[in-house]
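Let's take a walk through this one, from the overall fold down to a single side chain. Have the viewer open and follow along.

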Amino acid sequence: MSDRRYDVLVDARGLACPMPLVKARQALMVMDPGATVCILATDPAAPGDFEEFVEISGHALERSDREKDVFLIVLRKKG
């Protein structure tokens with residue numbers, strides 16, 4: 001995966017839509033503004049779900065990559 005460090009890691013591998021987004025939203029609710037969350041997901045819909053989510057929520061999509069069979073999505077909490 002990545003050597004970069006994040007404030008929170010959400011391992012949503014194996015979870016189907018909408019669970020990766022639900023788990024990420026739960027994490028964001030308790031995070032400080034400006035903190036980052038890295039989501040690992042295998043659901044092919046996850047990248048699109050998170051692109052739509054940041055447009056609605058105002059959080060920032062810092063990264064959305066695929067490494068082998070895992071999507072690595074990084075969000076920065078607004079504020």
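**From fold to core**

The protein has 2 helices and 4 strands, where helices (H or I, at least four residues) and strands (E, at least two) are DSSP runs numbered from the N terminus. Reading from the N terminus, the order is β-α-β-α-β-β. Before going further, a word on ground rules: this is a predicted model, so local features need pLDDT of at least 70 and side-chain atom pairs count only at pLDDT 80 or more, while totals for chains, interfaces and linings use all residues. Residues are numbered from 1 along each chain as its sequence is written, and side-chain values use heavy atoms, with hydrogens and water left out.

How does the overall size look? The C-alpha trace spans about 30 × 25 × 15 Å along its principal axes. With 79 residues, a compact globule would have a radius of gyration near 12 Å, and the 11 Å of the protein agrees with that; the radius is taken over C-alpha atoms, and the globule rule is 2.2 Å times the number of residues to the power 0.38.

Now the surface. About 4800 Å² is exposed, with carbon and sulfur atoms supplying 49% of it (Shrake-Rupley areas with a 1.4 Å probe; for residues, only the protein chains shown count as cover). On the charge side there are 11 positive and 13 negative side chains, and the centres of the two sets lie 5 Å apart. Here Lys and Arg count as positive and Asp and Glu as negative, with His and the chain ends not counted; each charge is placed at NZ of Lys, CZ of Arg, CG of Asp or CD of Glu.

Inside, 41% of the 79 residues count as buried, meaning under 20% relative accessible area (exposed is over 50%, partly exposed in between; 1.4 Å probe, protein chains only). Strand β2 (residues 36-41) is a good place to look: 6 of its 6 residues are buried. T36, C38 and L40 cover one side, V37, I39 and A41 the other, and all are buried. Strand β1 (residues 8-12) runs parallel to β2, joined by 5 bridges (strands pair if DSSP finds at least two bridges between them). One of the partnerships is D11 with L40 in β2.

Finally, zoom in on A24 in helix α1 (residues 19-30). Is A24 buried or exposed? Its relative accessible area is 0%, so A24 is buried. A24 touches V10, I39 and F50, leaving aside residues up to four places away in sequence; contact means heavy atoms within 4.5 Å. A24 and C38 are 14 residues apart in sequence and 8.5 Å apart in space, C-alpha to C-alpha.
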